[in-house]
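Me: I've got a model open and I'd like to know what stands behind the labels people put on it. Can we go through a few of them?

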Amino acid sequence: MRPRLTPALRALLREGAARADAAGEVDREALAALRAGGLLATAVPAEHGGAGADAAAVNALVEQIAAVNPSMAIIAFQHFAVSARIADWGTPRQRARWLPSLADGTWLAASAWSESGAGAAKQNLSTAAERRADGTWVLNGTKAFTTGAGVADLYLVLVRTAPPAAPTGGYGAAGQTFFLVGADNPGLVPDLGLDLAGMRGSATGLITLDGAVVADSDRLGPEGEAATVIASVRESGASLGAVAVGTAQAAFDLAVAHARDRGLMDLPAVRHRLVGLATRLEAARAVVERAGARTSADPGLTTLHSKLHATEAAEEICLDVARMLGSAGYRDGAHIGRLLADARGVSLMGPTNDLCRELVAVSWTG
């Protein structure tokens, strides 16, 4: 059984999306409902209180959330991603410490990987961690575009623990390490100053690490080998393309409602145009489902393809729907305008679409 949104939660998330877009900040009521709904347990193994679901179930749930609230879908996706990384790379003690609280919604997880100047491939990090004589680490630097900033309870932070290595053409670099840092750490300061054009309810902002002290037991995975952990993300089959598919579904639903409300379904040209949109949507959904099922010869490549295809298809579908709506959609605050900005935002999220292309190309050239 795959987890599904209840009608009540779906309605709350839909209402929260409109409020968040107007306010430019996360809707706390919708987020609280998501945390209390039991769905955050999806990617946590059953032995730690979770649902033990696979990437296919994660993708399906993220798509459902995105169809009513793309910003909340991004927050959920990041939570699932961090939960899965702890399940895969955490020590038994780390899994027992964090996973039960991530499963029941007591804690919300977020990723803090990006930073200004590091590039899409995260190969020139300035955020660094220094080991002290007592074995603890001190983290300093600023992470940018952190989804869930200020609302997450636990951050998976990517830092440099060795001198910068030469670019490899991959994602991440040697000498980088992951740490799990609690929001209650006095050296971690969130800043929601980013005013995004899309995903306005995703609480995407900056995270400043100013002398944040963490124990070595807070390190996730081997020291200096974060790139290996990163590579495992796409191998899992969980795809940001699921957010794009849900966003495109919302746009398609707007187009169908518009045609019905105005009596346009009697026109073959309108019906055929809708069929074209539906076919592109189904194709995008199919490649995301293939990524989650991990049935291809190279699941990691399929995940990259799914993100590329789904995000590009979603933006095209949203744009075509905006054209269909005409003046009805050309108003400040129009739903289709918000969806178009959200769809475009997914293509810029890591790995960005340009980096996805490069990672696919590198697989051919070695």
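Me: Where is A109, and what makes that stretch a strand?

Reply: A109 is found in strand β1, residues 109-112. Helices (H or I, at least four residues) and strands (E, at least two) are DSSP runs, numbered from the N terminus. One thing up front: this is a predicted model, where local features need pLDDT of at least 70 and side-chain atom pairs count only at pLDDT 80 or more, while totals for chains, interfaces and linings use all residues. Residues are numbered from 1 along each chain as its sequence is written, and side-chain values use heavy atoms, with hydrogens and water left out.

Me: Is A109 buried or exposed, and how do you know?

Reply: Buried means under 20% relative accessible area, exposed over 50%, partly exposed in between (1.4 Å probe, protein chains only). A109 has a relative accessible area of 2%, so it is buried.

Me: Which residues does A109 touch?

Reply: Not counting residues up to four places away in sequence, A109 touches Q78, H79, V82, L102, A152 and L154. Contact here means heavy atoms within 4.5 Å. A109 and S83 are 26 residues apart in sequence, yet 7.4 Å apart in space, C-alpha to C-alpha.

Me: What makes the link between Q78 and S111 a polar contact?

Reply: The term covers a pair of N or O atoms within 3.5 Å; within protein, one must be able to donate a hydrogen and the other to accept it, and residues adjacent in sequence count only if both atoms are side-chain atoms. The side chains of Q78 and S111 are joined at 3.0 Å, so that fits the cut-off of 3.5 Å. Q78 itself is found in helix α4, residues 70-89, and its relative accessible area of 17% makes it buried.

Me: What about S232?

Reply: S232 sits in helix α6, residues 226-235. A polar atom of its side chain lies 2.5 Å from the backbone oxygen of V229. With a relative accessible area of 18%, S232 is buried.

Me: Why is there no disulfide between C318 and C356?

Reply: A disulfide is a pair of cysteine sulfur atoms within 2.5 Å. The sulfur of C318 is 18 Å from the closest cysteine sulfur, in C356, so that is too far for a bond. A search of the whole structure finds zero disulfides. C318 is buried, at a relative accessible area of 0%, and C356 is buried too, with 0%.

Me: C356 is in the contact of α9 with α11. What is on the α9 side?

Reply: In α9, L301, L304, H305, K307, L308, T311 and E312 meet residues of α11, including C356 and R357. The residues of this contact divide into six nonpolar, four polar and three charged. For that count, Ala, Val, Leu, Ile, Met, Phe, Trp, Tyr, Cys and Pro are nonpolar, Asp, Glu, Lys and Arg charged, and the others, Gly among them, polar.

Me: Which residue has the positive phi, and is it buried, M199 or R294?

Reply: Each has one: phi of M199 is near 50 degrees, in a residue other than glycine, and R294 has a positive phi of about 55 degrees although it is not a glycine. M199 counts as buried at 2% relative accessibility, whereas R294, with a relative accessible area of 41%, is partly exposed.
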